[in-house]
Amino acid sequence: MGLFDFLKKKESANEMLGAPIEGEAVESAEISDPTFGMELLGKGMAIKPAVGKVYAPVNGTVTMVFDTKHAISITSEGGAEILIHIGLDTVSLNGAPFTIHVNADDKVKKGDLIAEFDMDAIKAAGLETITPVIICNTDDFKDVVRFTGKMVKPGDDIIELVKE
């Protein structure tokens, strides 16, 4: 073991999530649905989308694509269980405004296009497009640091998961 190996280990201990959608990164408190706003499923944040395209926020494996196509979960290489929930109450749309480009068990790389959605169709149905990004296994991390209050492009840092 080299003298500075501990520095390398420390560096890679944290995991960074990139923005899955272009738009405004906001705190969970801005999500009107209490399940997400009160972080009942885990800590996270949300994106108010400017564009209806969703990209993988990390390298990992798609663990689930909901039948109604409104949500995708990904487990990162670092073990984070990430839920991307496109819009609020969009389960009621039965998949209509969504196009999914991945299946469960697919390997994804950060920045891969995983889904598209029709923002106008969601708004026309009277629903919000705000998209929660939740870390479902929050308790596995020492801290979940969010970078909100700014416009983001896909891949921009939005959440840092602190392991130690």
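Which residue stands opposite Ile72 in S6? Keep that question in mind while we walk through this predicted model; the answer comes up at one of the stops.

**Stop 1: the whole chain**

Start by showing everything as a cartoon. You should find three helices and 14 strands in the protein. The radius of gyration is 16 Å, close to the 15 Å that the globule rule gives for 164 residues, so the protein is as compact as a globular protein of that length. Along its principal axes, the C-alpha trace spans about 60 × 30 × 25 Å.

Now switch on the surface. About 8,200 Å² is exposed, and carbon and sulfur atoms supply 51% of that area. Buried residues make up 46% of the 164 residues. Take contacts with a separation of 6 or more along the chain: 70% of them join residues 24 or more positions apart.

**Stop 2: the sheet of eight strands**

Go back to the cartoon and colour the strands one after another in the order S9-S5-S6-S7-S11-S3-S2-S13. Together they form an open sheet with antiparallel pairing. Its edge strands are S9 (107-108) and S13 (150-152), each of which pairs on one side only.

Next, select residues 60-65, which are strand S5, together with strand S6. Five bridges join these two antiparallel strands. Here is the answer to the opening question: Val65 stands opposite Ile72 in S6.

**Stop 3: Ala71**

Stay on strand S6 and select Ala71. Is Ala71 buried or exposed? Its relative accessible area is 0%, so Ala71 is buried. To see what surrounds Ala71, show Met64, Val65, Phe66, Leu83, Ile84 and His85; Ala71 touches each of these, not counting residues up to four places away in sequence. Try a distance label too: the C-alpha atoms of Ala71 and Ile84 are separated by 5.6 Å, although the two residues are 13 apart along the chain.

**Stop 4: strand S11 and its two partners**

Select residues 131-135, which are strand S11. Five of its five residues are buried. Show the side chains and turn the strand slowly. Thr131, Val133 and Ile135 point one way, while Pro132 and Ile134 point the other way. This fits a general pattern: in a regular strand the side chains alternate between the two faces of the sheet.

Now add the strands that pair with S11. S7 runs antiparallel to S11, and three bridges join them. S3 is also antiparallel to S11, with five bridges between the two. Which residue in S11 is the bridge partner of Lys43? Click on Ile135 to find that partner. Ile135 in S11 also has Ile82 standing opposite.

**Stop 5: strand S2 and Glu24**

Select residues 23-27, which are strand S2. S2 and S3 pair in the antiparallel sense over five bridges, and S2 and S13 do so over three bridges. Glu24 is a handy residue for seeing both pairings. In S3, its bridge partner is Lys48; in S13, the bridge partner of Glu24 is Met151.

**Stop 6: the sheet of three strands**

Hide the previous sheet and show S1, S14 and S12, which form an open sheet in the order S1-S14-S12 with antiparallel pairing. The edge strands are S1 (15-18) and S12 (143-146), and each pairs on one side only. From one strand to the next, the twist averages 20°. Four bridges join S1 to S14; one to look for has Gly18 with its partner Asp157 in S14.

**Stop 7: the nonpolar cores**

For the last stop, look inside. In soluble globular proteins, nonpolar side chains tend to be buried together. The largest nonpolar core here has 35 residues, and Leu17, Ile114 and Ile159 touch the most other members. Select those three as spheres. Elements that each supply at least two residues of this core include strand S3 (43-49), strand S10 (113-117), helix H3 (119-124) and strand S14 (157-162). Apart from this core lies another, of nine residues, among them Val26, Ile31, Ile130 and Ile134.

Finish by centring on Ile114. Leaving aside neighbours within four places in sequence, the contacts of Ile114 include Val54, Tyr55, Ala56, Ile72, Ile74 and Ile84. Thr99, Ile100, His101, Val102 and Val108 are in contact with Ile114 as well.

Definitions and conventions:
Residues numbered from 1 in each chain as written. Predicted model: local features only at pLDDT ≥ 70, side-chain atom pairs only at ≥ 80, totals over all residues. Heavy atoms only, no water. Core = buried A, V, L, I, M, F, W, Y, C linked by side-chain atoms within 4.5 Å. Buried < 20%, exposed > 50% of the residue type's maximum accessible area, 1.4 Å probe, protein only. Contact = heavy atoms within 4.5 Å. Pairing = 2+ DSSP bridges. Axes fitted to C-alpha atoms, helices over the stretch in contact; angles between N-to-C directions. Rg over C-alpha atoms; globule rule 2.2 N^0.38 Å. Areas by Shrake-Rupley, 256 points an atom, 1.4 Å probe, with all protein chains shown as cover.
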